[in-house]
Every structure is written in structure tokens, then in C-alpha cells.
Amino acid sequence: MEAKNLWQQQIEQLLLEVEQQIDLHEDDLFVIGCSTSEVKGQKIGTAGGLEIAEALFEPLRAFAERNKVHLAFQGCEHINRAITMERKTQKLYRLSEVSVIPVVLAGGSMSAYAYTQFQDPVVVEHVQAQAGIDIGQTMIGMQLQPVAVPIRVSIKQIGEAVVTIAKTRPKLIGGTRAFYG
């Protein structure tokens, strides 16, 4: 099987399992971190490729449309892990725009590809998403609301990249006499 088709099948299966396990709500923010280098089996930041980003983007967009959630793509360390999203999402969440355009060598292939596919792309410094997928250990935890809860799925890798999925839940506060329902 061609690698591109395999990556698409893996992400599609993973997203179906995410839908079964995470109670997503309309307008939730869903963050994606993706090292296309790791998908290829290379060290993060060394061998990225737009062909991988292209293979993964459409299934992610379809997932977002089905679930009425907003996608946010974390860039690489060269842009301080800034987030690429649609301007309407940035406005909805009242986030401040930053001045950078992600490119393959400074932003990462996935974030750069998303920037070219969005209708009105914008980059913000950080978000607090309700859930997300980390493909290749890109450390999306900084972009999630507290408290992050890992989700287990049958797809452990996309290509050669380790996959981690997380949702968030409200903090439990109040101590031993509190009721959490």
C-alpha cells in the first residue's frame, strides 16, 4: 500500500475512535501537533514533508466539520509553537494574532499546509483547547486546558510517529466534602 494511503487510513481510523470516546461540543477547539518528519521515521524537525500534511489534512477537516469543532495546528519550536487557525476561530476565542506565517522550515509542514488551506488563516501565540492529537511527540500539552486526560485508541502510530490523544475535563475543587456529580 502506498504510504500516503496508509497515513490517511490510520488518521481516519484514529479520528473515528476519537469520536467514540470524546464528547465533543459545538465550537470546541481541537489542537493538532504533527511532526511530518516523525511520520517518515526521521528525527523531529529534520525531514518534514508537505505530502504528509496533505494526506492528513482532509481527514482532519472532515472530522472538524462532522463534529462542528475548530481546528488549531501547532507550529514547531522555530515559531514558539504558535497556532494556525481560521480567523473566525481566532475571533470566537478572542485570541491575539501574532505576526508570522508558518513555512516548512519555520513552523512545520503541517502548520504551513494548514495555513495554505484555510480560507482566512491567522496565527496566534497559544490556545487552551478542549482536546487534541499529538502526532510525533510535538508536546501539545501546552495548548490544552487543564486538566488533560489521555485517550487510548487502537492506532498507536501514524507512519512511524507515536500518537497521543487527549481530552480535558474541569478541575475538581472543593476537597473531601465537595460533590462532583
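I call a residue buried when its relative accessible area is under 20%, exposed when over 50%, and partly exposed in between (1.4 Å probe, protein chains only).

**Ground rules.** I am reading a predicted model, where local features need pLDDT of at least 70, side-chain atom pairs count only at pLDDT 80 or more, and totals for chains, interfaces and linings use all residues. Residues are numbered from 1 along each chain as its sequence is written, and side-chain values use heavy atoms, with hydrogens and water left out.

**Glutamine 74.** I looked up whether glutamine 74 is buried or exposed. Glutamine 74 is buried, at 5% relative accessible area. I found this residue in strand β2 (strands are DSSP runs of E, at least two residues; helices are runs of H or I, at least four; both are numbered from the N terminus). What does its side chain reach at 2.9 Å? I noted the backbone oxygen of threonine 138. Glutamine 74 also touches other residues, including Val31, Arg81, Ser111 and Met142 (contact means heavy atoms within 4.5 Å).

**Core.** Next I checked the largest nonpolar core (buried Ala, Val, Leu, Ile, Met, Phe, Trp, Tyr and Cys residues joined through side-chain atoms within 4.5 Å). This core has 36 residues, and Leu14, Phe30, Leu56 and Ile158 touch the most other members. Helix α3 gives the largest share, eight residues. Among the contacts of isoleucine 158 I listed Trp7, Leu14, Leu56 and Val163.

**Cysteines.** How many disulfides does the structure hold? I counted zero (a disulfide needs two cysteine sulfur atoms within 2.5 Å). For cysteine 34, the nearest cysteine sulfur is that of cysteine 76, 12 Å away. Cysteine 34 is buried, with a relative accessible area of 10%.

Terms used
Polar contact = N/O pair within 3.5 Å; in protein donor to acceptor, adjacent residues only side chain to side chain. Lists of a residue's contacts leave out its neighbours within four places in sequence.
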